[in-house]
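Where does this protein leave enclosed space, and where does its backbone take a positive phi? This report takes up both topics in turn.

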Amino acid sequence: MNRKKIVAGNWKMNMNFDQSNNLINKLKSISVKDIEIKIAPGFTYLQHAVLSLKTTNIQVLAQNIHFEEKGAFTGEISHEMLTSIGVKSVIVGHSERRKYFNESDKILSKKVKIAIDNSLTVIFCVGEELSDRENNKYFDVIKNQISIGLFDLEKKQIKNIIIAYEPVWAIGTGKTANVDQIQEMHQYIRKLIKDNYDLDSSEKIRILYGGSVKPNNAKQIFSLKDVDGGLIGGASLNFSDFNEIIQAVNG
Ligand code: PGA
């Protein structure tokens with residue numbers, strides 16, 4: 001199955017407006033064959049990013065969304081705030097949201113639902129803690145996150161989901177999962193999709209790896225059978241690192 005690869009940069013809470021703009025201008029020069037490039041700048045720069053990248057095929061992602069339509073939810077971002085400025089995709093379930101903002105699987109399933117119901121593509125993140133891995137609970141943890149987070153969706157909706165497997169112990173630590181651990185988990189996730197939906201959905205869904213992807217390990221990780229690209233944190237803030245990672249897929 002030929003799945004189009006994705007390299008997505010999650011800028012998290014980094015960069016001011018000028019820095020963000022600078023990086024966006026450099027990204028415009030990247031030339032790729034058949035890859036989707038996405039970036040997730042801070043909320044306050046989203047509209048500017050969408051406009052600046054209009055003539056490129058780089059897509060702008062939001063880092064979060066609220067699960068209600070609209071109303072008295074001070075500080076939150078609705079789906080319409082995103083779609084009305086041209087944002088087409090959103091990251092849901094990042095481990096930093098789960099951990100620091102107490103976003104439970106149930107809350108995340110509501111976020112996924114409102115995003116998908118309103119034509120946003122979702123990058124849905126899952127990942128186990130180090131203790132889960134050490135105690136051999138990692139498959140159960142991922143199964144739980146995926147079944148509560150995604151399995152309320154209908155078969156036609158699962159097409160608009162991209163899954164990112166990001167072991168929490170590998171995020172921002174410089175410690176990547178090894179290739180066997182990555183391939184094993186990606187294959188497992190694909191099987192979960194097959195068991196709950198069907199073979200076609202499981203073959204089409206893109207599964208990204210995230211967690212300390214750098215120029216020196218990207219090629220090896222992206223060449224794994226069930227890895228369809230990456231969600232990149234730290235290395236996406238630096239043009240030459242991000243470009244090298246993209247070229248590792250491009251190559
Ligand atoms: P990292 O972050 O590349 O800095 O480890 C990945 C992520 O949080 O998506």
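What follows covers a cavity and two asparagines in a predicted model.

**The cavity.** The structure holds one cavity of 30 Å³ or more. The volume of the largest cavity is about 30 Å³. Its lining is formed by G93, H94, S95, R98, C125, V126, G127, Q145, E166 and V168. Two elements, α4 (95-100) and β5 (121-126), each give two or more residues to this lining. By class, the lining has five polar, three nonpolar and two charged residues. Glycine counts as polar here, so G93 and G127 fall in the polar group. R98 and E166 are the charged residues, because Arg and Glu count as charged. C125, V126 and V168 are nonpolar, because Cys and Val count as such.

**Positive phi.** Most residues other than glycine have a negative phi. N102 departs from this sign, with phi near 50°. N136 also has a positive phi, of about 55°, although it is not a glycine. The table sets out the two residues.

| Residue | Phi | Loop | Relative accessible area |
|---|---|---|---|
| N102 | near 50° | between α4 and α5 (105-117) | 61% |
| N136 | about 55° | between α6 (130-134) and α7 (138-150) | 60% |

Are these residues buried or exposed? N102 is exposed, because its relative accessible area of 61% is over 50%. N136 is exposed as well, with 60% against that cut-off of 50%. Both sit in loops: N102 lies between α4 and α5, and N136 lies between α6 and α7.

Notes. Residues are numbered from 1 along each chain as its sequence is written. This is a predicted model: local features need pLDDT of at least 70, side-chain atom pairs count only at pLDDT 80 or more; totals for chains, interfaces and linings use all residues. Side-chain values use heavy atoms; hydrogens and water are left out. On a 1 Å grid over the protein atoms alone, a cavity is a set of points where a 1.4 Å probe fits but cannot get out, and a pocket is an open set with protein on both sides within 12 Å along at least five of seven lines; lining residues have an atom within 4 Å of a point. Grid points are joined across faces, edges and corners, and a volume is the space filled by probe spheres set on the points. Helices (H or I, at least four residues) and strands (E, at least two) are DSSP runs, numbered from the N terminus. Buried means under 20% relative accessible area, exposed over 50%, partly exposed in between (1.4 Å probe, protein chains only).
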